[in-house]
Structure formats: C-alpha cells, structure tokens
Amino acid sequence: MILKELRINRHFSQEQLAQMSGLNVRTIQRIESGKKASLESIKCIAAALDVDITTLNQEKFMIDKKSDNWKTLPLLLKCWFVFNFLQTRPSRKSAYRIEIIGHISGFIFCCLGLISEAALVGGILMLATAYLYHGLIWHGDKYGIWYDHEKKHESNQSS
C-alpha cells in the first residue's frame, strides 16, 4: 500500500490525515507499516486523500505521465530530470545519493585546494553540483514526480 507516499506527497502529517479521515493516528501508523486495513478504513483514507481505493492498494508509487503533476511541470524541469538521471523515472533516493556524494567529494577537494588550485576548482564544481541536486530534489518534492518518494528505512521509523 502506498499510503505513506501519498500522504507525504500531499504534505500531510499522520495526525492531519487521521483528523481528515476520522481515524485514529495509531490506525494510520499501522496501515503505513504494512498491517491489514479494514475496508471502512481504506474508504475513509481514500476519501481524505481524494484517490481511488485501487490507488491506495497499489504496492508501488508510479508517476502517470498524463497526470496533472507531470503536465504542469515546466519543459525545462522535465528535461532537467531526464538528463540528470538519464531516465524518465526519476527516483528521490538516487538524487539524494548524488547530492551527498557531491558534498563529501566537494569538501575533500576543497581541502586539497590548499595544495593545488585545480583541486579547489574541482571542489567548488562538486559543491555546485551538490547544490543543484538539492534544488532538483526540492523541485521533485514540490511537483510530486518521484517514483520512490522516500527511503524504505524511513517507513520503519514512523511505526
């Protein structure tokens, strides 16, 4: 069930979703952790999120290229996502990984810049790349276009 992805995509907390659906917060937490939900609970959540019951029962969050989110994404951003990932199914996890690698390597190269000017330039370029990927992640969250909206270990922490 993709409840957590849908909830986060709409910027709702578990408490807000519980209040909107008329369910208990603990019920939302149990469903997000993979426990079986009653049909009534699923109907309440689907109504609160304004989605079909079948959408809630999906195992994986997939972007529909015909969806309003993808259609409203400016052409420049669509190209940015495709070229940055060399794929049409961008994942937040890979963008975050590249951002972290850019920050770490940029910091190391900037430190080496004390010895060599070329290393300093490389470090600055790596840091700039990391910040560009940070912007990419922000835009991806804003427009809700990720295939894997979050890391799996985060779902274990909310339980």
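Start by selecting residues 14–21 and 25–32, helices α2 and α3. In this predicted model, their axes come within 8 Å of each other and cross at roughly 115°. That angle makes α2 roughly perpendicular to α3, since 65 to 115 degrees is the range for that label. Turn the view until one helix lies over the other, and you'll find that α2 passes α3 in a right-handed crossing.

Now zoom out and colour by secondary structure. The protein chain has 10 helices and zero strands, so don't go hunting for a sheet. Walking from the N terminus, you meet α-α-α-α-α-α-α-α-α-α. If you colour by accessibility instead, buried residues make up 37% of the 159 residues in the chain.

Next stop: select residues 117–143, which is helix α9. How far apart are its end C-alpha atoms? Put a distance monitor on them and it should read 39 Å. The 27 residues of α9, at 1.5 Å a residue, should span 39 Å, so the two values agree. The sum uses one less than the number of residues.

Stay with α9 and look at its two ends. At the start, show the side chain of serine 116: one of its oxygens reaches to within 3.3 Å of the backbone nitrogen of alanine 118. At the other end, click on glycine 144, just after α9, where phi is positive at about 60°.

Then pick out the buried residues of α9. Ala119, Gly123 and Ala130 are among them, and so are Tyr133, Leu136, Ile137, His139, Gly140, Asp141 and Tyr143. Worth a click of its own is leucine 136, which sits in α9. Is leucine 136 buried or exposed? Its relative accessibility is 0%, so it counts as buried; the cut-off for that is under 20%.

From leucine 136, draw a C-alpha to C-alpha line to tyrosine 96. The two are 40 residues apart in sequence, and the line comes out at 9.4 Å.

For the last stop, add residues 92–112, helix α8, to the α9 selection. The α8 and α9 axes are 7 Å apart, and the helices pack at an angle of about 160°. That makes α8 roughly antiparallel to α9, because anything over 145 degrees gets that label. Their crossing is left-handed. What does the contact of α8 with α9 hold, by class? Colour it by residue type and you get 17 nonpolar, seven polar and three charged residues.

Note on methods:
Residues numbered from 1 in each chain as written. Predicted model: local features only at pLDDT ≥ 70, side-chain atom pairs only at ≥ 80, totals over all residues. Heavy atoms only, no water. Helix = DSSP H or I, 4+ residues; strand = E, 2+ residues; numbered from the N terminus. Buried < 20%, exposed > 50% of the residue type's maximum accessible area, 1.4 Å probe, protein only. Polar contact = N/O pair within 3.5 Å; in protein donor to acceptor, adjacent residues only side chain to side chain. Axes fitted to C-alpha atoms, helices over the stretch in contact; angles between N-to-C directions. Parallel < 35°, antiparallel > 145°, perpendicular 65-115°, else oblique. Left-handed = near helix turned anticlockwise from the far one by under 90°. Nonpolar A, V, L, I, M, F, W, Y, C, P; charged D, E, K, R; others polar.
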